[in-house]
Amino acid sequence: MRDDLISSKKIETDEFKSVLNQLGITEESLQEKISLNTLKNRWKEIVGPVFASHSEVSSIQFGKLRIIVSHNAYKQELLFLQNRILRQASLFLGKGVVRSLEISIGKLTNSVSSKQPETKEKKGLEGKEDLIAILEKETDPEVKKRYLEILQYL
């Protein structure tokens, strides 16, 4: 009975494009939305959990990735990570999809809660495994050095 309700007919590419056009969706805008959601879903992996919780991908238009951060300090840190972000975007989206970054300070839609959960203070590198894993993947020596300084501060 279920097979009767769902047609096994494959939709042709031209037919699919026609439906998208009727909905006002162009191939380019669809690609931008897919790319944007890919980066949003991978953002923590790209910039790490600390920076991901204080920043978010806002849009991609004409090769420019727009990022919003909660504070000027995070803007500065993401500028240090610019090459890494561009490399990772290339890896996930393909070469040339993201060619530049625009980072601005603003209100995050997934706003960081002002009330942080209480945690037991950890000494040294204990509890920082995610940050260490990201640091180990970094190839740019200047970024790696800066990231290590931040990690030691935490």
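This is a short tour of the structure, stop by stop, with a selection to make at each one.

**The whole chain**

Start with everything shown as a cartoon, and keep in mind that this is a predicted model. You should find eight helices and three strands. Tracing the cartoon along the sequence gives the pattern α-α-α-α-β-β-α-α-β-α-α. Switch on a surface if you like: the accessible surface comes to about 11,200 Å², and carbon and sulfur atoms contribute 52% of that. Of the chain's 154 residues, 29% count as buried. Among contacts with a separation of 6 or more, 62% are between residues 24 or more positions apart.

**The sheet**

Now select residues 55–61, 64–69 and 100–105, which are strands E1, E2 and E3. The three make an open sheet in the order E1-E2-E3, with mixed pairing. E1 and E3 stand at the edges with a single partner strand each, so one side of each has no neighbour in the sheet. Turn the view to look across the strands: the twist averages 25 degrees from one strand to the next.

**Between E2 and E3**

Stay with E2 and E3, which run parallel and are joined by six bridges. Pick Lys-64 and you will see Ser-100 of E3 opposite. Then pick Val-69, whose bridge partner in E3 is Ile-105.

**Between E1 and E2**

Move across to E1 and E2. Here the strands run antiparallel, again with six bridges. Select Gln-61 and look for its bridge partner in E2, which is Lys-64. Lys-64 is worth a label, as the residue also stands opposite Ser-100 in E3.

**The turn at Phe-62**

What lies between the two strands of this hairpin? E1 and E2 are separated by two residues, and Phe-62 is in the turn. Zoom in on the backbone there: phi of Phe-62 is near 50 degrees, a positive value in a residue other than glycine. For context, most residues other than glycine have a negative phi. Is Phe-62 buried or exposed? Show the side chain and you will find Phe-62 exposed, with a relative accessible area of 76%.

**Two helices on the sheet**

Go back to the sheet and select E3 together with residues 72–80, helix H5. H5 packs on the sheet and touches E1, E2 and E3, with its direction at about 165 degrees to that of E3. Next add residues 82–93, helix H6. This helix also packs on the sheet, touching E1, E2 and E3, but the direction of H6 makes about 120 degrees with that of E3.

**An aromatic pair**

For the last stop, show the side chains of Phe-51 and Tyr-74. The structure holds one aromatic pair, and these two residues form it: the arrangement is edge-to-face, 6.3 Å centre to centre with 75 degrees between the planes. Colour the helices separately to see what the pair links: Phe-51 sits in helix H4 (residues 49–52) and Tyr-74 in helix H5, 23 residues apart. Phe-51 counts as buried, at 6% relative accessibility. To end, compare this with the turn: Phe-62 is exposed, whereas Phe-51 is buried.

Notes. Residues are numbered from 1 along each chain as its sequence is written. This is a predicted model: local features need pLDDT of at least 70, side-chain atom pairs count only at pLDDT 80 or more; totals for chains, interfaces and linings use all residues. Side-chain values use heavy atoms; hydrogens and water are left out. Two strands pair if DSSP finds at least two bridges between them. Helices (H or I, at least four residues) and strands (E, at least two) are DSSP runs, numbered from the N terminus. Axes are lines fitted to C-alpha atoms, for helices over the stretch in contact, and angles run from 0 to 180 degrees between N-to-C directions. Contact means heavy atoms within 4.5 Å. Buried means under 20% relative accessible area, exposed over 50%, partly exposed in between (1.4 Å probe, protein chains only). Accessible areas come from the Shrake-Rupley method with a 1.4 Å probe; for residues, only the protein chains shown count as cover. Rings of Phe, Tyr and Trp (its six-membered ring) pair if their centres lie within 6.5 Å; planes under 30 degrees apart count as stacked, over 60 as edge-to-face and the rest as tilted.
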